Amino acid sequence: MLEETAAIARDLIRFDTTNYGNGRSNGETEAAEYLGAQLEELGLKTEYFDAAPGRTSVVARVEGSYEGLDSTTRPALVVHGHTDVVPADAANWSVDPFAGEVKDGMLWGRGAVDMKDMDAMMVGALRDILLAGKQPKRDLVIAFFADEENGGVFGSHHLVDTQPQLFSGATEAISEVGGYSITMNGQRAYLLQTGEKALIWIKLIARGTAAHGSRVMENNAITKLAEAVAKIGRREWPIHLTDTTEQLITELARIMGSDPQQVGADEIVLSTGTAGGFIRGSLRTTTNPTLLSGGYKHNVIPDEATALVDIRTLAGEEDAVLAEIRALIGDDIEIEITHRDVGLENPFEGPLVDAMVGSLLSHDPEATVLPYILSGGTDNKALSLLGITGYGFAPLRLPAELDFPGMFHGVDERVPLDALVFGRQVLGDLLLNY
Ligand SMILES: [Zn+2]
């Protein structure tokens, strides 16, 4: 018999909720209805919202007792997950990505890491609390959003824009990509996500003269575009430590036994092993070209060529970085901003942080908890527009050798079954007692 949390995560993986981007998606309705039914079984009243056909989010509120808390302001905590996943090419996987296979003590499948594991842990934690007849201290807004993997246009942003009353009273939120453990120097540390980089997706458009491929041609759109793309892709952005990353580097150096005055931040981060690739991106701006397009025949010079660039900056540096890119590639290339979202940096202190750290350490007393900035983004960006402070806290105690960060959007996503039970317990403690 599969443990309850794992069974829920497996059921969720079996709904193919692939989000292809640009509004193209297999839809989240079935997954939302499944999760809604789980919440209804606990006596909660659910509300469903379709931002577009098939793009369903579901929200419920658990009433708090406010015992020992300021009941005049009634601050609520949002606990949110997303139900969509990025595409998976089955040919690259060693299992069917949508079968929810269990082997080697792990649950495999697209979403096992991002983030059907946490969706299931949320339900499991609520079951532990509500079926035991207990009541959390504060109101919990439980939300399962559609479309996180394409910026939340048909999910969190839609609800924040059109249904802000769902989040009334909420001041803080917890969700994905934080709270998981890494092991360095034989010591386990949990990375609590306290911030997210900003994102700007731009399209570069180079225009030239359409002509026969045999002509002498200075004004070649593809040549101009390629030069701009190379400049952006090769740009080495300097390390810029913020309060969070400064604290993180200091702690990592302590664990690794290195001196941060002598050893560079990149080197310290890389010495942590599997998490290194994830953390390095949070120390600086990154500007990665991700798509090239132009031309239609071998002997025709096209009049236009385009490229997409994924820019991630630290919070507040967006405009300065855009200006630098403009200066780098010159005025001849058009820059179109296709999507942007804010960056966040929240303090690694305060009652919620204390509660998250406390519930982790009560289940894993030997470990350390460290703050980090996510180089990607989550639905916490949308909630921040309502003044809600969001953290990444999907607690998982993981084996040292598992490259967990590498499995986000990667192949053979898998999560240990016992980590799901650990997560459910830690989360349950937090939701009950905070
Ligand atoms: Zn995610």
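This passage looks at the zinc site, the salt bridges and the aromatic contacts of a predicted model.

The zinc ion picks up its ligands from three places in the chain: His 82 through NE2, Asp 114 through OD, and Glu 176, which is listed twice through OE. These contacts run from 1.8 to 2.8 Å. Written as a sequence pattern, the donor residues follow H-x31-D-x61-E. His 82 sits in strand β5 (residues 76-82), while Glu 176 belongs to the loop between β9 (170-175) and β10 (180-184), so this pair ties together parts of the chain 94 residues apart in sequence. Neither end shows much surface: His 82 has 0% relative accessibility and counts as buried, and Glu 176 is buried too, at 4%. As for geometry, the 4 donor atoms make angles of 51 to 149°. Four donors count as tetrahedral only if all angles lie between 85 and 135 degrees, and the site is classed as irregular. For reference, the ideal angle for four tetrahedral donors is 109.5 degrees.

Turning to charged pairs, the model has 22 salt bridges. One of them joins the side chains of Arg 424 and Glu 4, with an N to O distance of 2.8 Å. That contact links distant parts of the chain, since Arg 424 is in helix α12 (residues 417-433) and Glu 4 in helix α1 (residues 4-14), 420 residues apart. The two partners fall into separate burial classes: Arg 424 is buried at 7% relative accessibility, whereas Glu 4 is partly exposed at 35%. Both residues also belong to a salt-bridge network that takes in Glu 3, Glu 41, Arg 127 and Asp 128 as well.

Another bridge runs between Arg 61 and Asp 139, at 2.9 Å from N to O. Arg 61 lies in strand β4 (residues 56-62) and Asp 139 in the loop between α3 (116-130) and β8 (140-145), so the contact ties together parts that are 78 residues apart in sequence. Here the arginine is the partly exposed partner, with a relative accessible area of 30%, and Asp 139 is buried at 8%. In a further bridge, Arg 207 meets Glu 304, with their closest N and O atoms 2.7 Å apart. This one goes from strand to strand: Arg 207 is in β12 (residues 198-207) and Glu 304 in β16 (residues 304-313), 97 residues apart. Arg 207 is partly exposed at 38%, and Glu 304 is likewise partly exposed at 36%.

The aromatic residues supply 7 pairs. Among them is the pair of Tyr 180 and Phe 404, whose ring centres are 5.3 Å apart and whose planes meet at 45°, a tilted arrangement. Tyr 180 is in strand β10 and Phe 404 in the loop between β20 (389-392) and β21 (414-416), which puts the partners 224 residues apart and makes this a link between distant parts of the chain. Tyr 180 is buried at 1% relative accessibility, and so is Phe 404 at 2%. Both rings are members of one aromatic cluster, together with Phe 278, Tyr 372 and Phe 408.

Charges also turn up over rings. The charged end of Lys 103 sits over the ring of Trp 108, 4.5 Å from its centre. Arg 138, for its part, lies over the face of Tyr 434, at 3.7 Å from the ring centre.

Notes
Residues are numbered from 1 along each chain as its sequence is written. This is a predicted model: local features need pLDDT of at least 70, side-chain atom pairs count only at pLDDT 80 or more; totals for chains, interfaces and linings use all residues. Side-chain values use heavy atoms; hydrogens and water are left out. Donors are N, O and S atoms within 2.8 Å of the metal (3.2 Å for Na, K and Ca); water is not among the atoms, so sites may look incomplete. Four donors count as tetrahedral if all angles lie between 85 and 135 degrees; four count as square planar and six as octahedral if opposite donors are over 155 degrees apart and all others between 65 and 115; anything else is irregular. Helices (H or I, at least four residues) and strands (E, at least two) are DSSP runs, numbered from the N terminus. Buried means under 20% relative accessible area, exposed over 50%, partly exposed in between (1.4 Å probe, protein chains only). A salt bridge is a side-chain nitrogen of Lys or Arg within 4 Å of a carboxyl oxygen of Asp or Glu. Rings of Phe, Tyr and Trp (its six-membered ring) pair if their centres lie within 6.5 Å; planes under 30 degrees apart count as stacked, over 60 as edge-to-face and the rest as tilted. A charge sits over a ring if NZ of Lys or CZ of Arg is within 6 Å of the ring centre and within 35 degrees of the ring normal.
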